[in-house]
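Colleague: I've got this model open on my screen and I'd like to walk through it with you. Could you pull it up too?

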Amino acid sequence: MARLIALCIAILASGSLAAQAYKWVDERGVTNYGEKPPANRPATAVDTQPGGTLESGNLPQKKFEADMRSSAVAPAAPAPAPPAAAPVRGMGFDTYIRLQRGMSEGELMLRAGKPDHESVENFRHDIVKSYYYYPTLSDPFITMVTVRGGRIADIERTRKAF
């Protein structure tokens, strides 16, 4: 029992021994944190106490919402615009003539690169992937490579008019 009491006292005492943390900006504009602020720079104290709750009731959520409404938080910035679509790469004739049925999917990716579009289907536990290489101005052919079980099953190339 004495050990339990000593352990409780040690835990309570360690909470008061927590070091204070400070934040400052150095001459290069880099934000630094430490236990002792530098003598030649203004520093601000940082609150290192955890502020979250683990309760599952509705009360903490309501308290959080009330705190958020009362604090002067700036409105969130609008979401950035989605990135533009990747340019069409296509597949050159020199790459097309080097592809063969039975070639592995990895070798296809190594030779032809990432496709412009791909689709995956599952026909009775047999995964079928179709890779599409769209036409470009310099190579007006659309190439479709079908992969079944990790091997090229079919290669199709069709001329598209612009």
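Modeller: Sure, and one definition to start: helices (H or I, at least four residues) and strands (E, at least two) are DSSP runs, numbered from the N terminus. This is a predicted model, so local features need pLDDT of at least 70 and side-chain atom pairs count only at pLDDT 80 or more, while totals for chains, interfaces and linings use all residues. Residues are numbered from 1 along each chain as its sequence is written, and side-chain values use heavy atoms, with hydrogens and water left out.

Colleague: Okay, where does Asp139 lie, and is Asp139 buried or exposed?

Modeller: Asp139 sits in the loop between β5 and β6. Buried means under 20% relative accessible area, exposed over 50%, and partly exposed in between (1.4 Å probe, protein chains only). With a relative accessible area of 12%, Asp139 is buried.

Colleague: Which side chain makes a polar contact with the side chain of Asp139?

Modeller: Contact in general means heavy atoms within 4.5 Å. Leaving aside neighbours within four places in sequence, Asp139 is in contact with Met91, Gly92, Phe93 and Arg157. A polar contact is a pair of N or O atoms within 3.5 Å; within protein, one must be able to donate a hydrogen and the other to accept it, and residues adjacent in sequence count only if both atoms are side-chain atoms. At 2.9 Å, the side-chain partner is Arg157.

Colleague: On to α4: which elements do the buried residues of α4 pack against?

Modeller: In α4 (residues 105-112), the buried ones are Glu105, Leu108 and Ala112. They cover an arc of only 55° around the axis (taken from the directions from the helix axis to the C-beta atoms), which puts them on the same side of α4. Their packing partners are α3 (93-96), β5 (126-133), β6 (141-148) and β7 (151-159).

Colleague: How many residues make up the largest nonpolar core?

Modeller: A nonpolar core is a set of buried Ala, Val, Leu, Ile, Met, Phe, Trp, Tyr and Cys residues joined through side-chain atoms within 4.5 Å. Members of the largest one include Leu108, Ala112, Tyr133 and Val145, and α4, β5, β6 and β7 each give two or more residues to this core. The total is 11 residues.

Colleague: Last one: what residue follows α4, and what is its phi?

Modeller: Just past the end of α4 comes Gly113. Its phi is positive, near 85°.
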